[in-house]
Amino acid sequence: METLIGTLAGIISTICWMPQTIRTWRTRQTKDLSLSTNLLVLLSVTLWLIYGIMLAAWPMVVANAIAIVLVGSIIIAKLKFG
């Protein structure tokens with residue numbers, strides 16, 4: 001049951017970043033996005049990834065690895081289109 005809940009949480013928390021990432025790259029509008037907030041989120045998901053690796057909690061590892069890519073992409077767009 002724990003793995004199912006972790007997997008669902010990982011899927012939902014990862015999917016929530018997709019619309020923002022897609023919209024940011026399509027519109028190239030980033031002025032309303034906070035760089036500091038996104039950097040803190042990136043740090044947070046990176047720490048969750050490390051924690052997941054330490055626990056061998058693969059749903060957590062996969063979800064946070066994907067979140068790092070998505071949030072990192074938003075940060076890159078913010079720096080590029082700023």
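Helices here are DSSP runs of H or I with at least four residues, strands are E runs of at least two, and both are numbered from the N terminus. With that settled, Arg-28 sits in the loop between α2 (18-27) and α3.

This is a predicted model, so local features need pLDDT of at least 70 and side-chain atom pairs count only at pLDDT 80 or more, while totals for chains, interfaces and linings use all residues. Residues are numbered from 1 along each chain as its sequence is written, and side-chain values use heavy atoms, with hydrogens and water left out.

**Overall picture**

The protein has 4 helices and 0 strands, running α-α-α-α from the N terminus on. Its C-alpha atoms fill a box of roughly 40 × 20 × 15 Å along the principal axes. Of the 82 residues, 28% are buried, where buried means under 20% relative accessible area, exposed over 50%, and partly exposed in between (1.4 Å probe, protein chains only). Take contacts as heavy atoms within 4.5 Å: among those with a separation of 6 or more, 71% link residues 24 or more positions apart.

**Helix α3 and its cover**

The expected span of a helix is 1.5 Å times one less than its number of residues. For the 21 residues of α3 (residues 35-55) that gives 30 Å, and the end C-alpha atoms are 30 Å apart, which agrees. Which residues of α3 are buried? They are Asn-38, Val-41, Val-45, Leu-49 and Gly-52. They cover an arc of only 80° around the axis (taken from the directions from the helix axis to the C-beta atoms), so they lie on the same side of α3. An α-helix has 3.6 residues a turn, so residues three or four places apart point the same way. Leu-40 and Met-54, on the other side of α3, are exposed.

The cover over the buried residues of α3 includes α4 (58-81). Two residues of α4 show what that looks like. Asn-64, in helix α4, counts as buried because its relative accessibility is 11%. Leaving aside neighbours within four places in sequence, Asn-64 is in contact with Val-45, Trp-48 and Leu-49. Ile-68 is also found in helix α4, and counts as partly exposed at 21% relative accessibility. With the neighbours within four places again left out, Ile-68 is in contact with Leu-42, Val-45, Thr-46 and Leu-49.

**Two loop residues with positive phi**

Most residues other than glycine have a negative phi, and most peptide bonds are trans. Here are two residues with a positive value.

| Residue | Loop | Phi | Relative accessibility |
|---|---|---|---|
| Arg-28 | between α2 and α3 | near 60° | 44%, partly exposed |
| Ala-56 | between α3 and α4 | near 55° | 44%, partly exposed |

**The largest pocket**

A pocket is an open set of points on a 1 Å grid over the protein atoms alone where a 1.4 Å probe fits, with protein on both sides within 12 Å along at least five of seven lines; lining residues have an atom within 4 Å of a point. About 160 Å³ of space lies in the largest pocket. Its lining has 13 residues, and Ala-9, Gly-10, Ser-13, Ala-63 and Asn-64 lie nearest its centre. The elements giving two or more residues to that lining are α1 (2-15), α3 and α4. By type, the lining divides into 8 nonpolar, 5 polar and no charged residues.

How values were computed. Grid points are joined across faces, edges and corners, and a volume is the space filled by probe spheres set on the points. Ala, Val, Leu, Ile, Met, Phe, Trp, Tyr, Cys and Pro count as nonpolar, Asp, Glu, Lys and Arg as charged, and the others, Gly among them, as polar.
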